[in-house]
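This report introduces a protein structure to a reader who has not met it before. Please keep the sequence and the three-dimensional view at hand while reading.

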Amino acid sequence: MPKLFLTSDLDSFPVTPQGCSVTLACGVRLRFPAGATTTPITVHYRLWLPEPALVSLGPHDSLLSGVLELWPHGVAFQQDVSLWLLFVPPRARRCHEVVVRTRRDNSWSDLETHLEEEAPKRLWARCQVPHFSWFLVVLRPVSNACLVPPEGTLLCSSGHPGVKVTFPPGATEEPRHVSMQVVHMAGRELRALLGEPEAAVSPLLCLSQSGPPSFLQPVTVQLPLPPGVTGFSLDHSRLHLLYWAPPAATWDDITAQVVLELTHLYARFQVTHFSWYWLWYTTKTCVGGLARKAWERLRLHQVNLIALQRRRDPEQVLLQCLPRNKVDATLRRLLERYRGPEPSDTVEMFEGEKFFAAFERGIDVDADRPDCVEGRVCFVFYSHLKNVKEVYITTALDREAQAVRGQVSFYRGSVPVEVPQEAEAARQRKGADALWMATLPIKLPRLQGLKGHGKGARLSLAPLNLGDAETGFLTQSNLLSVAGRLGPDWPAVALHLGMPYRELQRIRHEFRDDLDGQIRHMLFSWAERQAGQPGAVELLLQALEQSDRQDVAEEVRAILELGRHKYQDSIRRTGLAAEDSALPGTSASQSTEPAQA
């Protein structure tokens, strides 16, 4: 069976009836068995950054990977294709499981998933896929499911043996699929929320099913009594059965509407339709509102926000949202190369919640980025992924006169259509429902000794572009931005670009009192020689990565991605591409390696 290994510049590969094994540049692996296709096809792929439009998560799910798209969508294979996805190992898996989630016909489903460990902290989620679409790895509460026949059956939770659902004969006319998930809440969290030492709750039970919304016969649900409570000694007035049906905003107390049968350890009740159920034992009266707050607490993550500037290039700013238990270790690793203020106070965020960073008081983002709206940098919080971005900042103020003391503020939600002015934003922070989360200081130091050495000083070059319209251009302005980021690392980049050492020494001598001039002359003289040549942009990216400047390489990729989007939008507007066409992918031949016996 042929083996294909794709490099980062390839986004497609051929599959023949012979089958093949494919390793993508992003680490994803696929295996097409012989006979999976009857005719040769070209498969395209793309790894998307996760965002709510591409990610479907339940209330207690966590995302563990990016989003892989494989197309043509909906292509049915004669035999299932094996797919291996890398994912971030979850911090805790008690009563949880890792699954691959996929989308088909506008609905999401979870695939049977097996975990494989290749090395410590390098885990794969393996599944069989009958079609191509979007795929991602999710951590969810353990799910138990069964097919309920007309004769009835019993469904038990594998994580909480005391949770059971009994379906009597005649509960359904046609077989229907039923699933349950059970979520545990720590007692200390509940007591901290209620301020009541004796308060306790049962596991939270979520029941769902296909088919008609109601059963023909009552179904019996068994829940364990809250910890520390027994059926023979409890105060019945303090026991509450709560019910929540999405998309309602509140939990309802249905204790008076059902008959609770109590044993020493369990409570049983009958229902005709499924939703969420929760037993509470408390002296409080308005239990529904407390349940809503407790359910929110179950889904919230405590995080801190950081903003650090690179020591050798203060115009480069690292923004990150970190779980509270990771802050100290991350800062110890970063402070060798970065410096900045203390992290923000602890804030709470939901999985998949949007937020954005706004630079204020004379500081702006110095790039046209796809994740930047009106100068605001957009984020989506996922607790297991790296919520980090590095941006470059600038100012219209005169830094030769004095340093610029600005700030970066973090706000919840998407960037509003009308971005408020700083004075208005400051007033909004004081409200009870304010979207503001934190503000951290940013300082651009005063520039010294740069008079007469502006960006165009001692440098006169004709306008040039590297790349092409489909893959994205790097313009003269983009190259000036790259030059401004390299700093003392420029000789390493020059050598990896193939520049002779003698020429490097000549540039050093000619611009011996002007570091910026050295960098610009090196980069633009190389760019002029590469103008019109294929592969120049990829060569620059490789040189940056080989010189340990991954941050600048990612900035260049963001510029190229934005250019590609603009190119695709322009050809759609001019009618050169069909409105419903798939994202373009370039097919290229790959070298094959015979399978080892």
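The sections below move from the whole chain to its salt bridges, a surface patch and two individual residues.

**Overall picture**

The structure is a predicted model, and every value below was computed from it. The protein has 597 residues, of which 45% count as buried. Its secondary structure consists of ten helices and 39 strands. When contacts between residues at least 6 apart in sequence are considered, 70% of them join residues at least 24 apart. The accessible surface of the protein amounts to about 29700 Å². Carbon and sulfur atoms account for 50% of that surface.

**Salt bridges**

How many salt bridges does the structure hold? There are 19. Among them are the three pairs in the following table, each given with its separation between N and O.

| Salt bridge | N to O distance |
|---|---|
| Glu261 and Arg268 | 3.6 Å |
| Arg292 and Glu296 | 3.6 Å |
| Asp551 and Arg549 | 2.9 Å |

The surroundings of these pairs can be described in turn. In the pair of Glu261 and Arg268, Glu261 has a relative accessibility of 44% and therefore counts as partly exposed. Its partner Arg268 is also assigned to the partly exposed class, because its relative accessible area is 26%.

The pair of Arg292 and Glu296 lies within helix H2, which spans residues 287-299. The two residues are four positions apart in that helix, so about one helical turn separates them. Arg292 is partly exposed at 31% relative accessibility, and Glu296 is partly exposed at 28%.

Are the partners in the third pair, Asp551 and Arg549, buried or exposed? Both Asp551 and Arg549 are buried. Elsewhere, salt bridges with shared partners link Asp61, Glu97, Arg101, Asp110 and Arg140 into one network.

**A patch of positive charge**

On the surface, a patch of positive charge is formed by Arg91, Lys121, Lys326, Arg333, Arg337 and Lys386. One of its members, Arg91, is found in the loop that runs between strand S8 (81-87) and strand S9 (96-104). The relative accessibility of Arg91 is 40%, so this residue counts as partly exposed.

**Two buried residues**

Leu444 belongs to strand S36, which covers residues 436-444. With a relative accessible area of 0%, Leu444 is buried. Which residues does Leu444 touch, leaving aside those up to four places away in sequence? They are Gln309, Pro314, Glu315, Ile363, Ile393, Thr394, Thr395, Arg399, Ala403 and Val404. Gln402 stands 42 residues from Leu444 along the chain, and the C-alpha atoms of the two are 9.2 Å apart.

Glu503 is located in helix H7, made up of residues 501-510. Its relative accessible area is 17%; since buried means under 20%, Glu503 is classed as buried. Apart from residues up to four places away in sequence, Glu503 touches Ser525 and Arg529.

**Summary**

The predicted model thus offers several places to look at in the view. These include the buried pair of Asp551 and Arg549, the patch of positive charge to which Arg91 belongs, and the buried residue Leu444 in strand S36.

Note on methods. Residues are numbered from 1 along each chain as its sequence is written. This is a predicted model: local features need pLDDT of at least 70, side-chain atom pairs count only at pLDDT 80 or more; totals for chains, interfaces and linings use all residues. Side-chain values use heavy atoms; hydrogens and water are left out. Patches are made of residues with over 30% relative accessible area and no salt bridge: like charges are joined within 9 Å, nonpolar side chains (Val, Leu, Ile, Met, Phe, Trp, Tyr) within 5 Å. Accessible areas come from the Shrake-Rupley method with a 1.4 Å probe; for residues, only the protein chains shown count as cover. A salt bridge is a side-chain nitrogen of Lys or Arg within 4 Å of a carboxyl oxygen of Asp or Glu. Lys and Arg count as positive and Asp and Glu as negative; His and the chain ends are not counted. The place of a charge is taken as NZ of Lys, CZ of Arg, CG of Asp or CD of Glu. Buried means under 20% relative accessible area, exposed over 50%, partly exposed in between (1.4 Å probe, protein chains only). Contact means heavy atoms within 4.5 Å.
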